[in-house]
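The following exercises concern the structure shown below. Each task is followed by a solution that proceeds step by step.

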Amino acid sequence: MPVAEAGPRTGASSDLPDPAVVRALGAACGLDLEAFRPAHVTRTIDRAVERLGLRGPGALAPAVAADARLRARFRRAVAVSTSGMWRDPQQFDLLDRLIGADHADRRPPRVWSVGASDGSELCSLALLLEGLGRLDGAVLLGSDLLPENVALARERCRERCRERLTPAQLSTLRFEERDVVRSAPTGSWDVVLCRNVLIHLAPDAKRAMLDHVTGAVAPGGLLLLGRSERLPRDERRGLADAGQNAYRRCA
Ligand SMILES: C[S@@+](CC[C@H](N)C(=O)[O-])C[C@H]1O[C@@H](n2cnc3c(N)ncnc32)[C@H](O)[C@@H]1O
């Protein structure tokens, strides 16, 4: 398994749902549920069944197919769309030190936020770069599986940053819909944030995403994982420790 984790605990139910039920539910909600950790999918299904008072998991797919609000809620629960400005602030302190110390390279950085959710992470990073005088000319891209998250991120970033950033600086923040299990954006990135995404994925999906994420880190660039995520020693892929949950590719 490529990423050691202290992920969320499994809920009360230990039985994995019938694969046919999972496939039907995946088709109803438009997500590949097999890409997510089975225990997480089970728990999400159990919670929805209980909340809706359904007779069992088999009844969830028709309910999700028939109700757009329920579908939206279920998709966000499966994809775990929780985020927040300056989430895990000590990680931003670390980035502040690491990016601030890169005196040799004053090029505007290219930053990729994987699993950008509502854009809070990329907004925080934009504000951090602005504080360091490194935002002008930078490229900041947030990718997320859910188009609804991408729409939310565009809106929230404008609201949150417009008092601190100029219109030109704001326009450096871009968001796109992308399944990072399947692909990465072109080019290499000086800072890659992949926090709290891998811990929810099934092993094959996790491995594929990690290939894309690590392959996108530029020489000398940084990768930051979530607070409970680590790259095991035998899976470093050319990245060396650069602090807690942070890794740097040799220049
Ligand atoms: C828990 S949030 C993490 C948000 C942010 N990185 C943070 O730490 O605050 C996980 C995000 O990853 C997205 N996600 C899940 N699977 C993905 C995939 N295969 N490709 C891109 N984004 C994905 C979800 O839609 C969700 O917005």
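Domain bounds here come from an automatic or database domain assignment. The model is predicted: local features need pLDDT of at least 70 and side-chain atom pairs count only at pLDDT 80 or more, whereas totals for chains, interfaces and linings use all residues. Residues are numbered from 1 along each chain as its sequence is written.

**Exercise 1. Domains**

Determine how the protein chain is divided and which elements of domain 1 touch domain 2.

Solution. Begin with the bounds: domain 1 covers 4-79 and domain 2 covers 89-249. Their centres, taken over C-alpha atoms, are 28 Å apart. Next, count the contact, in which 13 residues of domain 1 and 13 residues of domain 2 take part; two residues are in contact if their C-beta atoms, placed from the backbone, lie within 7 Å. On the side of domain 1, strand S1 (4-5), helix H2 (38-52) and helix H4 (68-79) each give two or more residues. Helices (H or I, at least four residues) and strands (E, at least two) are DSSP runs, numbered from the N terminus. H4 provides the largest share, 3 residues.

**Exercise 2. The sheet**

Establish the strand order of the open sheet and locate its edge strands.

Solution. The 7 strands follow the order S4-S3-S2-S5-S6-S9-S8, with mixed pairing; two strands pair if DSSP finds at least two bridges between them. The edges are strand S4 (173-177) and strand S8 (239-243), each of which pairs on one side only. From one strand to the next, the twist averages 20°. Within the sheet, strand S5 (residues 189-194) and strand S6 (residues 217-225) are parallel and share 5 bridges. Cys194 has Leu225 in S6 as its bridge partner. Finally, place the helix: H7 (residues 147-161) lies across strand S3 (139-144) and S4, at about 165° to S4. Axes are lines fitted to C-alpha atoms, for helices over the stretch in contact, and angles run from 0 to 180 degrees between N-to-C directions.

**Exercise 3. The ligand shell**

Which residues come nearest to the ligand?

Solution. A residue is near a molecule if its C-beta atom, placed from the backbone, lies within 6 Å of it. There are 22 residues around the ligand, and Ala79, Ser83, Gly115, Ser117 and Leu145 come nearest.

**Exercise 4. Overall dimensions**

State the extent of the C-alpha trace of the protein chain.

Solution. Along its principal axes the trace spans about 60 × 45 × 30 Å. The chain contains 9 helices and 9 strands.
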